[in-house]
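The following note sets out comments on the structure under review. It is arranged as numbered points for ease of reference.

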Amino acid sequence: MKVGIMGGTFDPIHNGHMVAAETARDAFGLEEIWFMPSHIPPHKHAAGVSGEDRLALVREAIRNNSAFRILDWEIVRGGVSYTIDTIRMLQERYPEVEFYFIIGADMVQYLPKWKDIDELARRLTFIGLSRPGIPLDLGALPSHIAASVRLAEMPEIGISSTLIRERAASGRSIRYLVPEAVYDYVVRSELYGVQP
Ligand code: ATP
Ligand code: MG
């Protein structure tokens, strides 16, 4: 069985994440996509809302898609979330699964900085997807890392969680930039400064 892991801070989850996951599923014949929110990402600011709220937002986003699941291990584990730690545990728990890890073009360029990237590259295949303004190529990567990355084009979506947070904070609409159910949850819970 082939499973794609869609990792991220998801602060909040948005339609760029949804299209990335669906594009990877479709292009590589993945049976399921497991969305995995990180607790504290290694190379970024801590998330703006709690792990519980970010999990709830992901749950809302994937609600109507039986191929999309949620994996809460990193939030439950707490601390800084290193992908290698989670993948070791996943492969022990699910030895029959062939894991893919889905990333946007910005993360492709960043791979050499990931903890234990050489081991990670042996354990799984990365799927790198296009993101506006960022070249999607493997030229800058060491060849043994590049060998573990497959690339796929997706319709470029100029949405980021940063954009959503900035728009929400300044009172601009985020409706239709995130799945409808995510929008409803954000409004209901008054996350990111959005007022009902
Ligand atoms: P932030 O602005 O807070 O960094 P983000 O939009 O980049 O948020 P992340 O949670 O950091 O979202 O991203 C999770 C994964 O999804 C990363 O691999 C990222 O490259 C990818 N991704 C996010 N948005 C897009 C998009 N619009 N198109 C393609 N990939 C994306
Ligand atoms: Mg990001």
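The points below take up the sheet, the helices and the surroundings of the ligand in turn.

1. The model is a predicted one, and the remarks that follow should be read accordingly.

2. The central topic is the sheet. Six strands make up an open sheet with parallel pairing, in the order β3-β2-β1-β4-β5-β6. The edges are held by β3 (68-70) and β6 (149-152); each has a single partner strand, so one side of each lacks a neighbour in the sheet. From one strand to the next, the twist averages 30°.

3. The pairing of β1 may be described on both sides. Strand β1 (residues 2-8) runs parallel to strand β2 (residues 32-37), and six bridges join them. Within this pairing, G4 lies opposite I33 of β2. Strand β1 is also joined to β4 by five bridges, again with the two running parallel. There, M6 has I102 in β4 as its bridge partner.

4. Strand β4 continues the sheet towards β5. Five bridges connect β4 and β5, which run parallel, and I103 stands opposite G128 in β5. Five of the seven residues of β4 are buried, so this strand is largely enclosed by the rest of the structure.

5. Helix α1 (residues 15-28) lies across β1, β2, β3, β4 (98-104), β5 (125-129) and β6. Relative to β1, helix α1 runs at about 160°.

6. Which residues of helix α2 are buried? They are D53, R54, L57, V58, E60, A61 and I62. The elements covering these buried residues include α1, β2, β3 and α9 (180-189). The length of helix α2 (residues 51-62) is also in order: at 1.5 Å a residue its twelve residues should span 16 Å, and the end C-alpha atoms are 17 Å apart, which agrees.

7. The surroundings of ligand 1 comprise 18 residues, of which G8, G16, G104, S161 and T162 come nearest. Two or more residues are contributed to this shell by each of α1, β4, α5 (105-110) and α8 (161-169). Helix α1 gives the most, with three residues. By character, the shell around ligand 1 divides into seven nonpolar, eight polar and three charged residues.

8. Helix α1 thus recurs in several of these points. This helix lies across the six strands named above, is among the elements covering the buried residues of α2, and gives the most residues to the shell around ligand 1.

Key. Residues are numbered from 1 along each chain as its sequence is written. Chains are lettered from A and ligands numbered from 1 in the order in which they are written. This is a predicted model: local features need pLDDT of at least 70, side-chain atom pairs count only at pLDDT 80 or more; totals for chains, interfaces and linings use all residues. Two strands pair if DSSP finds at least two bridges between them. Helices (H or I, at least four residues) and strands (E, at least two) are DSSP runs, numbered from the N terminus. Axes are lines fitted to C-alpha atoms, for helices over the stretch in contact, and angles run from 0 to 180 degrees between N-to-C directions. Two residues are in contact if their C-beta atoms, placed from the backbone, lie within 7 Å. A residue is buried if 20 or more other C-beta atoms lie within 10 Å of its own, exposed if 12 or fewer, and partly exposed in between; C-beta atoms are placed from the backbone. A residue is near a molecule or strand if its C-beta atom, placed from the backbone, lies within 6 Å of it. Ala, Val, Leu, Ile, Met, Phe, Trp, Tyr, Cys and Pro count as nonpolar, Asp, Glu, Lys and Arg as charged, and the others, Gly among them, as polar. The expected span of a helix is 1.5 Å times one less than its number of residues.
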